[in-house]
Amino acid sequence: MTDTRQPLELVCPAGTPAALKAAVEAGADVVYIGFRDETNARNFPGLNFSRDEAREAIAFAHERGAEVYIAINTYPRAGDGRPWRDAVDDAARIRADAVILADIGLLDYAARTHPDLRRHLSVQASASHAQSINFYARNFGVRRVVLPRVLTVPEIAALTPTIDVETEVFAFGGMCPMAEGRCSLSSYVTGQSPNMNGVCSPAAFVRYEERREGLVSLLNGSVINVFEKHEAAGYPTLCKGRFRVGDSAGYLFEEPTSLSVAEIVKDLMTAGVTALKIEGRQRGKAYIAEVVSAFRKVVDAAARDLPPPAGEVAKLRRLTEGQSETTGAYKKSWR
Amino acid sequence: MSMKITLGPVLFNWPPEIWRDFYFRIADETDVDSVCVGEVVCAKRAPFFEPFLPDVIARLQAAGKEVALSTLALISNAREEAAIAELAKTDDFLIEANDIGATDALAGRRHALGPLVNVYNEATLGFLAARGAARVCLPPELPAAAVAALAAARAAEIEVLAFGRLPLAISARCFHARAEHLHKDGCQFVCNKDADGRVVRTLGNEAFLAINGTQTLSHSAILLLSELDDLAAKGIARIRLSPHTCDMATVADVFRAVMDHRLGAAEATRRLRAIAPDLPFSNGFYHGRAGRQQVARANSTSS
């Protein structure tokens, strides 16, 4: 068929070996994972891969024609960069298909020590324009950039012809209203941050209390939200809370919505995007299987210039947080 | 050698004449070594004060201050990128980059890095210093141990934020516009209503954060006074004071007096509290705690 284009690469999350198998079996082109330590931005208890598990995961994926990327995307600690360099060395040793890095010093180390290990720029580096992206490409041989969630589709379309690297964009799941990798809200309130600890609004600081005004969610003692009886109580991620500014109260930074590009996949293809990334390494295997299989169909349909299958779009909508979804910064009205 | 004082850029949308007069007063009356000017938060604000920029820079330079022009924190289009490339050509003053792309435009010549560039470790510092970053203001969340390790690398002059609301996040979305039910494109420049940022409270009525257009700041202001000797001992070259509407000339004088051991930290804190009664102070980040905390007795070995 002449009007078939190369489908967007589907890059899917896994926090456990079971989730990785589910993603591969549901049609992921790539699964991205992290080691079980502070070197990755989903450093949650009970999550992520030991070195042995990662090696087995890579073998499993390769046997089925899929690839595995390893995210080493927190910022190495001053005076103690060893765990991050070890993670890069181990990713090379177990033959990961790419590493996803954010820190300049670590990119420099990876480029010098393992020139054949493919390097992608993490969203945590927040490279939002050509000069910044080309800096990473030229200096560290970065082959792909995961774009920060601050750009509209027309801005992405204007950007892709001006850079020498592939682009990967977020397609589905939780979203940050702030430029990623440039946010210290979590450490201001809890002492732990995405950049330094690989966590945001960590669960150890979360408490729920039944009060007269409703179910109150707290982060390190501060009220992040109050839910009325009919409302589903969400997790108190700092920037997704209700706050008061002057006389009015509401979702100041971001509504408790989930990002979904299911209905604009063709626009992203036309904008020159190479890959779609699904967020959610903290999610269970059943969720991963459903989202990946739905996106597989959406992406394949878009490659044949067909609209997204209605059944899959509906399924994705059911899976979104709080049952509401947004195209986020991809549309200018979000700003 | 005693530490130098840098006055950071005004982060807020002040009326242009107020903005100009603020810097004139800094030039004429204030004991700081270097002064940053320029719009960091929102490109839409720059046209208002830019007509005054040449006079402000000239007055500051005539007063012997090293002037640094600070660039935008979040660059999202070719027009903003081109503006930085144009700036990078000038030899008239130092440029302070707040984005990696800007550091690239400045490669090969002496420049500064603002606190919004992610310099978390010696490897990154070394790489950027080799390309001309001579002054590096560290990200505010770094604890004392990291600050010490970065200073010990001796790759660049290390600067630490010591006064003012902390820049915690930047977004493509404007929260000031959102709070007033406006769209960013039709924002009516409502961020000019809050010269120190607008207070964000929790539903528990706790003063929590502050918004400044697309930027989110801490509600508390960092205050590192008891820590000044420790910073000097670690080899920190500069401290940064971030401008607020309070009397910044006196703030600078108080810091200088504490650095010179002419004034104790406790008395200095009392004076600053009187100058800036609406800004609760915090120093938690430096002590490896939540940034909003105030650690009563500074312990130089904490991290």
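Trainee: Are the residues on the two faces of strand 2 (residues 34-37) of chain B buried or exposed?

Mentor: This is a predicted model: local features need pLDDT of at least 70, side-chain atom pairs count only at pLDDT 80 or more, and totals for chains, interfaces and linings use all residues. Residues are numbered from 1 along each chain as its sequence is written, while chains are lettered from A and ligands numbered from 1 in the order in which they are written. A residue is buried with 20 or more other C-beta atoms within 10 Å of its own, exposed with 12 or fewer, and partly exposed in between, the C-beta atoms being placed from the backbone. Ser34(B) and Cys36(B) on one side, and Val35(B) and Val37(B) on the other, are all buried.

Trainee: Which residue of strand 3 (residues 66-70) of chain B stands opposite Cys36(B)?

Mentor: Strands are DSSP runs (E, at least two residues) and helices are too (H or I, at least four), numbered from the N terminus. Two strands pair if DSSP finds at least two bridges between them. Strands 2 and 3 of chain B run parallel, joined by four bridges. Opposite Cys36(B) stands Ala68(B).

Trainee: What is the bridge partner of Thr6(B) in strand 2 of chain B?

Mentor: Strand 1 (residues 4-7) of chain B runs parallel to strand 2 of chain B, with two bridges between them. Thr6(B) has as its partner Ser34(B).

Trainee: How many residues of chain B are in contact with chain A?

Mentor: Contact means that two C-beta atoms, placed from the backbone, lie within 7 Å. Chain A brings 53 residues, and its partners in chain B number 51.

Trainee: Which residue of strand 8 (residues 198-202) of chain B stands opposite Arg244(A)?

Mentor: Strand 11 of chain A pairs with strand 8 of chain B in the antiparallel sense, over two bridges. Arg244(A) faces Arg201(B).

Trainee: Why are helix 4 (residues 104-113) of chain A and helix 6 (residues 122-130) of chain B called roughly perpendicular?

Mentor: Axes are lines fitted to C-alpha atoms, for helices over the stretch in contact, and angles run from 0 to 180 degrees between N-to-C directions. Under 35 degrees counts as roughly parallel, over 145 as roughly antiparallel, 65 to 115 as roughly perpendicular, and the rest as oblique. The axes are 7 Å apart, and the packing angle is about 85 degrees. The two helices are therefore roughly perpendicular.

Trainee: What is the orientation of helix 10 (residues 248-259) and helix 11 (residues 265-275) of chain B?

Mentor: Their axes come within 10 Å and cross at roughly 175 degrees. Helix 10 and helix 11 of chain B are therefore roughly antiparallel.
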